[in-house]
Amino acid sequence: MANRPTLKIVYDANNFPVSAKCFACSEEMPQGEPRITSKEENRKWFKAQFDLHKKQKHPREDVNQAAARIVKEATER
């Protein structure tokens, strides 16, 4: 079963969000520049980046389309 586009945030030992990626395609979300030092602002930044990512990479994509796209991308590499 393919994964749905979902935001996965990785936290450090101090519960600070350090990175984020799309669970469906594993694309990393960009960091804020300059680096964001507030936990809440960093989470908001990653969420906004993920929302843009979903609109660009996963518009109206159902699970079967996501699986087909991931397989196609993997075979093209």
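Reader: Is Glu 27 buried, partly exposed or exposed, and what is its relative accessible area?

Author: The terms rest on relative accessible area, computed with a 1.4 Å probe on protein chains only: buried means under 20%, exposed means over 50%, and partly exposed is in between. Glu 27 is partly exposed, with a relative accessible area of 32%. Residues are numbered from 1 along each chain as its sequence is written, and side-chain values use heavy atoms, with hydrogens and water left out. This is a predicted model, in which local features need pLDDT of at least 70 and side-chain atom pairs count only at pLDDT 80 or more, while totals for chains, interfaces and linings use all residues.

Reader: How many salt bridges does a search of the whole structure find, and with which residue does Glu 27 form one?

Author: A salt bridge here is a side-chain nitrogen of Lys or Arg within 4 Å of a carboxyl oxygen of Asp or Glu. The search of the whole structure finds four, and in one of them Glu 27 meets Lys 57, with N to O at 3.7 Å. Helices (H or I, at least four residues) and strands (E, at least two) are DSSP runs numbered from the N terminus. Glu 27 lies in the loop between strand 2 (17-22) and helix 1 (39-57), and Lys 57 in helix 1, so the pair ties together parts that are 30 residues apart in sequence. Lys 57 is likewise partly exposed, at 42%.

Reader: Which salt bridges have both partners in helix 1?

Author: Among them is the pair Glu 41 and Lys 44, whose closest N and O atoms are 3.7 Å apart; these two residues lie three residues apart, about one turn of the helix. Another is formed by Asp 51 and Lys 47, at 2.9 Å from N to O, and here the separation is four residues, again about one turn of the helix. Glu 41 is partly exposed at 41%, as is Lys 44 at 47%, while Asp 51 has a relative accessible area of 26% and Lys 47 one of 43%.

Reader: What span should helix 1 have, and how far apart are its end C-alpha atoms?

Author: The expected span of a helix is 1.5 Å times one less than its number of residues. For the 19 residues of helix 1 this gives 27 Å, and the end C-alpha atoms are 26 Å apart, which agrees.

Reader: Which residues of helix 1 are buried, and what covers them?

Author: The buried residues are Asn 42, Phe 46, Gln 49, Phe 50 and His 53. They cover an arc of only 105° around the axis (taken from the directions from the helix axis to the C-beta atoms), which puts them on the same side of helix 1. What covers them includes strand 1 (7-11) and strand 2. Gln 49, buried at 15%, is in contact (heavy atoms within 4.5 Å) with Met 29 and Pro 30, leaving aside its neighbours within four places in sequence.

Reader: Which residues make up the largest nonpolar core?

Author: In soluble globular proteins, nonpolar side chains tend to be buried together. A nonpolar core is a set of buried Ala, Val, Leu, Ile, Met, Phe, Trp, Tyr and Cys residues joined through side-chain atoms within 4.5 Å. The largest one has seven residues: Ala 20, Cys 22, Ala 24, Cys 25, Met 29, Phe 46 and Phe 50. Strand 2 and helix 1 each supply at least two residues of this core.
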